[in-house]
Amino acid sequence: MREAFGGTWILGFVVLFIVLFSGYLAVSVNYTKAFKVKNKIVNIIEENEGYSTSNYSNMDAESLTTLQNSSSTEDKIYAFLKDIGYATTEINENRCSDGGYRTGGYCVVELQTNQGYKYYRVTTFIKLEIPIVWFNITIPITGETRVLYNAD
């Protein structure tokens, strides 16, 4: 009987290890994706030398090629997010409390240097939810563009 009870404990430890390892992998994949999105948004803003808002009232209805070929920075970012499958859910108002452009899944804030040149702070978010224990946490990931001398 003692061997059967010991086997149950070992099986429990193996299952716990598999659950913890799988959870760690899922979190690291989401964390990596949020960094990739943040870096791509920074690159798009730098390529367009500033952030411009969308020309479309309903971006969900527009096709991916229409958004990619648009002159608006927001459209290009949305096309990239739609292409990779990033969750573009609306973020809470208090997540971008320092102003800026609040859009689904990220926040862009326009800042100025002492010389009057612009640069942007981009924040993306990772939302971790564990439904069994009702654990929800949102982690912001922030990055900045280089100083844009030709920005409007």
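## Guided tour: salt bridges first

A search of the whole structure turns up three salt bridges, the term meaning a side-chain nitrogen of Lys or Arg within 4 Å of a carboxyl oxygen of Asp or Glu. Before you click on them, please note that this is a predicted model, in which local features need pLDDT of at least 70 and side-chain atom pairs count only at pLDDT 80 or more, while totals for chains, interfaces and linings use all residues. Residues are numbered from 1 along each chain as its sequence is written, and side-chain values use heavy atoms, with hydrogens and water left out.

**Start with the whole chain**

Switch to a cartoon view. You should find three helices and four strands, arranged along the sequence as α-α-α-β-β-β-β. Helices (H or I, at least four residues) and strands (E, at least two) are DSSP runs, numbered from the N terminus.

Now colour by accessibility. Of the 152 residues in the chain, 32% are buried. Here, buried means under 20% relative accessible area, exposed means over 50%, and partly exposed is in between, with a 1.4 Å probe and protein chains only. The accessible surface of the chain is about 10100 Å², and carbon and sulfur atoms hold 56% of that area. Areas come from the Shrake-Rupley method with a 1.4 Å probe; for residues, only the protein chains shown count as cover.

If you like contact maps, here is one number to keep: among contacts with a separation of 6 or more, 42% join residues 24 or more positions apart. A contact means heavy atoms within 4.5 Å.

**Select Glu46 and Arg146**

Back to the charged pairs. Glu46 and Arg146 form a salt bridge whose closest N and O atoms are 4.0 Å apart. Glu46 belongs to helix α1 (residues 2-47) and Arg146 to the segment after β4 (135-144), so this pair ties together parts that are 100 residues apart in sequence. Show the surface too: Glu46 is buried at 17% relative accessible area, whereas Arg146 is partly exposed at 47%.

**Select Glu110 and Lys118**

Next, bring up the side chains of Glu110 and Lys118, which meet in a salt bridge at 3.6 Å, N to O. Glu110 counts as partly exposed, with 31% relative accessibility; Lys118 counts as buried, with 16%.

**Select Arg121 and Glu144**

For another salt bridge, go to Arg121 and Glu144, with the closest N and O atoms 3.6 Å apart. Since Arg121 is in strand β3 (residues 118-130) and Glu144 in strand β4, the pair ties together parts that are 23 residues apart in sequence. Both ends are partly exposed: Arg121 has 24% relative accessibility and Glu144 has 44%.

**Move on to the aromatic rings**

The structure holds three aromatic pairs. Begin with Trp9 and Phe13, a tilted pair at 6.1 Å centre to centre with 40 degrees between the planes. Phe17 and Phe21 have ring centres 6.0 Å apart and planes at 15 degrees, so that pair is stacked. The criteria are these: rings of Phe, Tyr and Trp (its six-membered ring) pair if their centres lie within 6.5 Å, and planes under 30 degrees apart count as stacked, over 60 as edge-to-face and the rest as tilted.

Look along helix α1 for the spacing. Trp9 and Phe13 are four residues apart there, separated by about one helical turn. Phe17 and Phe21 are likewise four residues apart in helix α1, about one helical turn. As for the surface, Phe13 is exposed at 54%, Phe17 is exposed at 56%, and Phe21 is partly exposed at 45%.

**Stay on helix α1 for the patch**

Keep Phe17 and Phe21 selected and add Ile10, Val14, Ile18, Tyr24 and Leu25: these seven make a nonpolar surface patch of about 750 Å². Patches are made of residues with over 30% relative accessible area and no salt bridge; like charges are joined within 9 Å, and nonpolar side chains (Val, Leu, Ile, Met, Phe, Trp, Tyr) within 5 Å. Tyr24 is in helix α1 and is exposed, with 57% relative accessible area.

**Select Lys40 and Phe80**

Here the charged end of Lys40 sits over the ring of Phe80, 5.8 Å from its centre. That label requires NZ of Lys or CZ of Arg within 6 Å of the ring centre and within 35 degrees of the ring normal.

**Last stop: Glu49**

Finish with the backbone. Most residues other than glycine have a negative phi. Glu49 has a positive phi of about 55 degrees although it is not a glycine. You will find Glu49 in the loop between α1 and α2 (64-68), and it counts as partly exposed at 36% relative accessibility.
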